[in-house]
Amino acid sequence: MDDLQTYRSRIRRYVRELNTSTSFWTDTFINQLFNASYRRRCSQLITAHEGFFTTVATRDIETGKSTYGFPDGVMRLLKIELARSDGRTIPLQRWERHEEPNFNTGSQGSGDSYYPTFRPFANGFVLEPEPVETVTDGLRIEYAGLPVALTANTDKPHPSFPEILDELLVLDVVCSALDAEGLHEMGPTQSIFSQRDLYEVDFLNFIETRVVARNRIEPFTTHYIVY
């Protein structure tokens with residue numbers, strides 16, 4: 001993959017302003033446009049559910065603690081697993097509890113017999129029932145994280161980004177740069193509105209599923225339960 005400095009050169013060839021000192025577009029502004037396009041395209045790859053930008057983190061299970069935070073930079077949670085003492089990993093089911101009680105009495109199992117469900121909560125998740133013992137690195141979390149922005153001249157895009165399509169990033173920036181010049185000279189606000197509309201569509205697609213999970217349905221449940 002090319003580095004940021006090389007991408008700027010490729011962009012300037014399209015707009016025919018290779019001399020930075022006399023260009024309408026500063027390097028700082030081109031960097032801004034490039035990162036906006038790069039991270040937007042990365043978010044689109046994440047919605048493909050094909051494992052792009054996947055990172056693995058661990059969390060300690062703590063006695064009596066049911067709520068845990070997501071790792072920094074989580075864009076989409078892919079999987080939460082229990083890490084057993086013998087090396088096995090067991091995926092947890094997402095279970096939105098609306099009727100049954102949550103019995104945190106200390107009798108729900110421990111060690112390798114502890115097998116909770118989870119549900120998203122704020123910027124993290126809740127284990128039900130809560131743990132009754134502490135296990136180091138007892139939770140394994142797979143998630144898609146948005147790659148960091150490119151700031152130094154030698155910075156390169158994430159290795160997961162499809163290199164064969166990096167010209168799309170260059171053309172994205174060229175279009176955005178020409179829109180910015182037109183806005184400055186003639187004030188065609190419609191170009192800014194169209195840019196915003198593109199981001200709006202991506203936003204709606206991205207927020208459809210923050211947590212990847214199978215839906216758990218219990219058929220033939222009565223309409224009331226007495227406890």
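The side chain of glutamate 142 reaches the side chain of arginine 140 in a polar contact of 2.6 Å. That pair is a good place to enter this predicted model. Glutamate 142 belongs to strand E7, which covers residues 135-145. The relative accessible area of glutamate 142 is 16%, so the residue counts as buried, the limit being under 20%. Which residues does glutamate 142 contact, once neighbours within four places in sequence are left aside? They are Thr55, Val56, Leu77, Leu78 and Lys79.

Now step back to the whole chain. The protein has 227 residues, and 34% of them count as buried. It holds four helices and seven strands. Their order from the N terminus is α-α-β-β-β-β-β-β-β-α-α. The strands thus follow two helices and precede two more. Take the contacts between residues at least 6 apart in sequence: 75% of them join residues at least 24 apart. The exposed surface comes to about 13,600 Å². Carbon and sulfur atoms supply 53% of that area.

Start at the N-terminal end. Helix H1 spans residues 4-15. Helix H2 spans residues 27-46. Two packed helices are described by the angle between their axes and the distance between the axes. For H1 and H2, the angle is about 100° and the axes lie 11 Å apart. The two helices are therefore roughly perpendicular, as that term covers angles from 65 to 115 degrees. From H1, the contact uses Leu4, Tyr7, Arg8, Ile11 and Arg12. From H2, it uses Asp27, Ile30, Asn31 and Phe34. How many of these residues are nonpolar, polar and charged? Five are nonpolar, one is polar and three are charged.

Stay with helix H2 a little longer. Serine 43 lies in this helix. Is serine 43 buried or exposed? Its relative accessible area is 15%, so serine 43 is buried. Residues up to four places away in sequence aside, serine 43 touches Leu146 and Phe206.

Past H2 comes a loop that leads to strand E1, residues 54-61. Phenylalanine 53 sits in that loop. Its backbone deserves a look. Most residues other than glycine have a negative phi, and most peptide bonds are trans. Phenylalanine 53 is not a glycine, yet its phi is positive, near 60°. With a relative accessibility of 1%, phenylalanine 53 counts as buried.

A second positive phi occurs at aspartate 137, where the value is about 55°. This residue is not a glycine either. Aspartate 137 is placed in strand E7, the strand that also holds glutamate 142. Is aspartate 137 buried, exposed or partly exposed? Its relative accessibility is 38%, so aspartate 137 counts as partly exposed. Glutamate 142, by contrast, is buried at 16%.

Just before E7 there is another backbone feature. Strand E6 covers residues 124-128, and a loop connects it to E7. Proline 129 lies in this loop. The peptide bond between glutamate 128 and proline 129 is cis, with omega about 0°.

The last stop is helix H3, which covers residues 166-186. Alanine 180 lies in this helix. Which residues does alanine 180 contact beyond its neighbours within four places in sequence? They are Phe24 and Phe29. Phenylalanine 24 is 156 residues from alanine 180 in sequence. In space, their C-alpha atoms are 9.8 Å apart. Phe29 falls within H2, residues 27-46. Alanine 180 of H3 therefore links back to the N-terminal part of the chain, by contact within 4.5 Å.

Technical notes:
Residues numbered from 1 in each chain as written. Predicted model: local features only at pLDDT ≥ 70, side-chain atom pairs only at ≥ 80, totals over all residues. Heavy atoms only, no water. Buried < 20%, exposed > 50% of the residue type's maximum accessible area, 1.4 Å probe, protein only. Polar contact = N/O pair within 3.5 Å; in protein donor to acceptor, adjacent residues only side chain to side chain. Areas by Shrake-Rupley, 256 points an atom, 1.4 Å probe, with all protein chains shown as cover. Axes fitted to C-alpha atoms, helices over the stretch in contact; angles between N-to-C directions. Parallel < 35°, antiparallel > 145°, perpendicular 65-115°, else oblique. Nonpolar A, V, L, I, M, F, W, Y, C, P; charged D, E, K, R; others polar.
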